[in-house]
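Please keep the sequence and the model side by side while reading, and follow each element in both as it is introduced.

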Amino acid sequence: MNSITSEDKLRVRELRWEDMEDCVENYYSYYDELRDNEDLGLLLSAEKPSLATEVRWFAELYSAVLEQRALACVAVAGRKVVGMCEVRRRDTRPALFHTAILGIAIRRDFRGRGAGEMMLRWSLAKCAGRFETVYLTVFSTNTVAKRLYEKVGFRVCGIRPKAIKRGSRYFDEVEMAIELRSAKEQQREMNA
Ligand SMILES: CC(C)(COP(=O)(O)OP(=O)(O)OC[C@H]1O[C@@H](n2cnc3c(N)ncnc32)[C@H](O)[C@@H]1OP(=O)(O)O)[C@@H](O)C(=O)NCCC(=O)NCCS
């Protein structure tokens, strides 16, 4: 395991196969965080998934990246992965082929240092020409995330009232979308 300090400079790069161990460790850390941060804006299962489940999840994500059904990047501090952003094609049905869904999370100690913005900009740049609209959902209380999404160009397109219930607390779920230039538009600009 690589040791990290919060002083390590953060950078963003494409997801690699060898990132699995760090990604799983990060994902498990959100379960620990939820115990003392009930505002954490991630939807987690009741129990930490088994390592076998996580290995399958990672392999599926990595296959999706190789097959261009998804793209994924990581934020790295030193040599350690501390966050990930993934964008997956929503559906293979032709009418939905142009849309994708984005998810992002960074380990608690590494938030607020620009990694979120870097990963979002990296991902949206790669999405252009591949997906036309990217959607995400965010807890209405997650003001840091909402502000960041707006900063990079997402706009609110819907609200599902009380869609999330954590214990006895309800959260509205906000849906946001960003429209990117289509592949045809990009091609036209390149040929101009
Ligand atoms: C949401 C999240 C991905 C944002 O990533 P991040 O690396 O913390 O964000 P950045 O450092 O790029 O900062 C983005 C903006 O939010 C602000 N910000 C970050 N942390 C903040 C905090 N604790 N309080 C107030 N503002 C904050 C930054 O100042 C920046 O705005 P600015 O550039 O206008 O000043 C990250 O906080 C996270 O993983 N949170 C937990 C999981 C989660 O909520 N995921 C999103 C699910 S929809």
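The paragraphs below describe a predicted model, beginning with the sheet, passing to the helices and ending at the ligand.

The sheet is an open one of seven strands, and a reader who traces it from one side to the other meets them in the order β1-β2-β3-β4-β5-β7-β6, with mixed pairing. The strands β1 (10–14) and β6 (155–166) stand at the edges, and because each has a single partner strand, one side of each is left without a neighbour in the sheet. From one strand to the next the twist averages 25°.

Within this order, the surroundings of β4 show both senses of pairing. On one hand, strand β3, which covers residues 80–89, pairs with β4 in the antiparallel sense over seven bridges; along this pairing Val87 stands opposite Leu102 of β4, while Glu86 stands opposite Gly103 of β4. On the other hand, β4 and β5 run parallel and are joined by three bridges, and here Thr99 has Thr133 of β5 as its bridge partner. As a general point for reading such residue lists, side chains in a regular strand alternate between the two faces of the sheet.

Two helices can next be placed against the strands just described. Helix α3 packs on the sheet and touches β1, β2 (70–77), β3, β4, β5 and β7 (169–179), its direction making about 150° with that of β2. Helix α4 also packs on the sheet, where it touches β5 and β7, and its direction makes about 160° with that of β5.

A further contact joins helix α1, residues 20–36, and helix α2, residues 51–66, whose axes come within 10 Å and cross at roughly 120°. Because of this angle, α1 counts as oblique to α2, and the crossing in which α1 passes α2 is right-handed. Met20, Cys23, Val24 and Tyr27 make the contact from the side of α1, and Leu51, Glu54, Val55 and Phe58 from the side of α2. Sorted by class, this contact of α1 with α2 has seven nonpolar residues, no polar ones and one charged residue.

The ligand brings several of these elements together. It is surrounded by 20 residues, of which the closest are Gly41, Arg111, Gly112, Gly116 and Glu117. At least two residues of this shell come from each of β4 (99–106), α3 (115–127), β5 (133–139) and α4 (143–151), and α4 gives the most, with five residues. By class, the shell around the ligand has 10 nonpolar, five polar and five charged residues. Thus β4 and β5, which run parallel, both supply residues to the shell, as do α3, which packs on the sheet, and α4, which also packs on the sheet.

How values were computed
Residues are numbered from 1 along each chain as its sequence is written. This is a predicted model: local features need pLDDT of at least 70, side-chain atom pairs count only at pLDDT 80 or more; totals for chains, interfaces and linings use all residues. A residue is near a molecule or strand if its C-beta atom, placed from the backbone, lies within 6 Å of it. Helices (H or I, at least four residues) and strands (E, at least two) are DSSP runs, numbered from the N terminus. Ala, Val, Leu, Ile, Met, Phe, Trp, Tyr, Cys and Pro count as nonpolar, Asp, Glu, Lys and Arg as charged, and the others, Gly among them, as polar. Axes are lines fitted to C-alpha atoms, for helices over the stretch in contact, and angles run from 0 to 180 degrees between N-to-C directions. Angles under 35 degrees count as roughly parallel, over 145 as roughly antiparallel, 65 to 115 as roughly perpendicular and the rest as oblique. A crossing is left-handed if the near helix is turned anticlockwise from the far one by less than a right angle, and right-handed if clockwise. Two residues are in contact if their C-beta atoms, placed from the backbone, lie within 7 Å. Two strands pair if DSSP finds at least two bridges between them.
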